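Let's take a walk through this structure together. Have the viewer open and follow along as we go.

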Amino acid sequence: MGRVLITGGSSGLGKALVDLCVERGLAPVCVLDIDPAPDAGDGKLDWVFHDMADQEAAPWAALSETLQKKGPFDLVILNAGINATGRFEGIPLATHLSVARVNLLGPLRLVHMLLHAGLLAPGGRLVLISSLSVFTGYPGAASYAASKDGLASLARALRKPLRKSGNISVQLVCPGPMDTPHAARHAPEGARADRRIDPARVARQILELPHGRFVLLPGPGAKLAAVAGALFPQIMMRIMGKVLFARLK
Amino acid sequence: MKDKLIFVTGGGSGLGLELVRLAWGRGYRVMCTGRRGVQDLPDDFPDIPYLCCDLSSQQGAQQAADWALGQSHGRIDCALLNAAAGYFRPLVAETATSLSDVLALNLEANMILAHRLAPALDGGTLALIGSVARKGAAGMPVYASSKGALDGFGRALAEEWRGRACVRVLHPGPIATGMAARAGRKPDFADRLFLSPRAMAHCVLDAALARKGADRQVISYGRVLFHPARLLRRGAT
Ligand SMILES: NC(=O)c1ccc[n+]([C@@H]2O[C@H](COP(=O)([O-])OP(=O)(O)OC[C@H]3O[C@@H](n4cnc5c(N)ncnc54)[C@H](OP(=O)(O)O)[C@@H]3O)[C@@H](O)[C@H]2O)c1
């Protein structure tokens, strides 16, 4: 495997992915983030400032130019994302719109740009970090659920065309709750952290995902919930309402 | 029950126009928004409140919501959020603007409308018109993504509002409204199999107004071809 590009590398799953890539000698790892680069970079990290929600053309054009000097990439992981939890009407519209823009419009623009500039290496992998909510629903995070379902549909739509045009494997990762600052911020009161999956474990599964695999549900809990949600969507949604939404209020 | 108020977006043409005609024909009060100006509405367009506005801008969507609230005096029985657009082309052939416009119209405008209309929809129904393309139609990845997002949004909101208001995401199969051709799809033999907009409107309106039903419903060949209205009055639909 050659060059790696990851969005959102300063905390949670993104950081676990970056660390693991460095550990496995995949450096320098190119990271797009809005946070400043961590100190201990020593050439292993190629940190690029970029706001995925940026609506202007110029920052994207600049990013394209920057990445053309670093790519093409064999592994691209679209990981950056934000959440907003609570009653839909209780959250300001502006917040919902930025969730949609960071989590969905940004990835759309980035993939569009990478394709345009030929920055996805033939035979490589394009990994979209979505969520278990695609299978279970996520009341109490309506805009987040929207963005993650949008990513899943995008992955499904891109899968065949990208495989045909450059043998690029599009892969959809749907993690359940992970033990990250993100989850701690948005979990309902009383949720147990030890039930959440370790992001380092998810990162390993992502890096080791075979080229031919499409969906990754990390851990037995996520697999079980996904099967239940696929078979009984309405019941699963009611359960999510009881265990999650009711406790968020 | 007949003085129910129904609000439709994208009511000037396509499925939205058929929804407007049908609801009006059934005796409901109807109001709608559309992109085209009043002068471009069909001659037989019913005499109902109509707002011309572009929903792919945040201001447009907010204006539409405020207008609907004003017209309805704070109570809407059923909102059919139907306006949408997309392109039949690979992702690489899109432009940065087309990406954000499609997402703004198909997802964000509906989020804005739901957010602003929430109080008026108490006890009523919010019906979001999706598409079977949400499953990942390879020919229109951005549209598929936007409709997938609408689905995730609607399902979450359905659970949040349960007991207070009804939210349903209705996913039509292919309809002969010309949308596919406008989206850039070359007409072929399959076009002859597209469903009639009138028959689809019957099914969509019935699904939206039914007392009971799943949060997510596919409305395609099975339901449209065997809809009672079609079977009773052959040729009429
Ligand atoms: N046609 C299909 O095969 C099909 C299949 C599945 C789902 N659907 C869904 O069904 C719904 C209706 O589709 P349709 O076939 O009736 O499509 P259509 O004929 O293209 O109509 C779309 C409607 O949206 C309006 N619209 C477009 N852009 C707008 C904007 N920027 N601001 C405000 N309004 C705008 C259009 O107004 P103007 O005409 O005035 O421009 C039109 O009334 C859509 O949600 C579509 O995604 C369609």
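What follows starts with where the two chains meet, then turns to salt bridges and ends with a loop in chain A. Keep in mind throughout that this is a predicted model.

Start with the broad view of the interface. On the chain A side, 43 residues are in contact with 41 residues of chain B. Together the two chains bury about 3400 Å², and 66% of that area sits on carbon and sulfur atoms. If you want to know who gives up the most area in chain A, look at Phe88(A), Leu93(A) and His112(A), which together account for 18% of what that side buries.

Now for the polar side of the same interface. Between chain A and chain B there are four salt bridges, and 12 residue pairs are in polar contact, counting pairs with both residues at pLDDT 80 or more. Which elements of chain A supply the surface that touches chain B? Helices α3 (93-116), α4 (133-136), α5 (142-166) and α9 (233-248) of chain A each bring at least two residues to it. The largest share comes from α3(A), with 13 residues. Sorted by class, that side of chain A has 24 nonpolar, 12 polar and seven charged residues. For a salt bridge that joins the two chains, look at Glu108(B) and Arg101(A), whose side chains meet at 2.7 Å, N to O.

Zoom in next on His115(B), which you'll find in helix α3 (residues 96-117) of chain B. Is this histidine buried or exposed? Buried, because its relative accessibility is 15% and the cut-off for buried is under 20%. Leaving out residues up to four places away in sequence, His115(B) touches Phe88(A), Glu89(A), Ile91(A), Pro92(A), Leu93(A) and His96(A). Two of those names, Phe88(A) and Leu93(A), have come up already, as they are among the chain A residues that lose the most area to chain B. Within its own chain, His115(B) lies 9.0 Å from Ala65(B), C-alpha to C-alpha, with their positions 50 residues apart in sequence.

Then there's Glu160(B), in helix α4 (residues 141-161) of chain B. Here is a buried acidic residue with no salt bridge: the nearest side chain of opposite charge belongs to Arg87(A), and that is 6.9 Å away. A salt bridge needs a nitrogen of Lys or Arg within 4 Å of a carboxyl oxygen. So what does the side chain of Glu160(B) reach instead? The backbone nitrogen of Gly140(A), at 2.6 Å. Setting aside residues up to four places away in sequence, the contacts of Glu160(B) include Gly86(A), Arg87(A), Phe88(A), Glu89(A), Pro139(A) and Phe245(A).

Salt bridges deserve a tour of their own, since a search of the whole structure turns up 22 of them over all chains. Take Arg89(B) and Glu94(B), whose side chains meet at 3.2 Å, N to O. Arg89(B) is partly exposed, with a relative accessible area of 23%, whereas Glu94(B) is buried, at 4%.

Further along chain B, Glu159(B) pairs with Arg162(B), the closest N and O atoms being 2.7 Å apart. Arg162(B) counts as partly exposed at 29% relative accessibility, while Glu159(B) counts as buried at 10%. There is also a network to trace: salt bridges with shared partners join Asp149(A), Arg134(B), Asp151(B), Arg155(B) and Arg216(B). One link in that chain of partners is the bridge between Asp151(B) and Arg155(B), at 3.0 Å, N to O. These two are separated by about one helical turn, because they sit four residues apart in helix α4 of chain B. Both Asp151(B) and Arg155(B) are buried.

Last stop: go to chain A and find Gly9(A), in the loop between β1 (4-7) and α1 (12-23). Gly9(A) is buried, with a relative accessible area of 5%. Leaving aside neighbours within four places in sequence, Gly9(A) is in contact with Gly14(A), Lys15(A), Val18(A), Val31(A), Leu32(A), Asp33(A) and Trp47(A). Measure across to Asp35(A) and you'll get 8.7 Å, C-alpha to C-alpha, for two residues that are 26 apart in sequence.

Notes
Residues numbered from 1 in each chain as written. Chains lettered and ligands numbered in written order. Predicted model: local features only at pLDDT ≥ 70, side-chain atom pairs only at ≥ 80, totals over all residues. Heavy atoms only, no water. Buried < 20%, exposed > 50% of the residue type's maximum accessible area, 1.4 Å probe, protein only. Lys, Arg positive; Asp, Glu negative; His and termini not counted. Polar contact = N/O pair within 3.5 Å; in protein donor to acceptor, adjacent residues only side chain to side chain. Contact = heavy atoms within 4.5 Å. Buried area = accessible area lost by both parts, 1.4 Å probe. Nonpolar A, V, L, I, M, F, W, Y, C, P; charged D, E, K, R; others polar.
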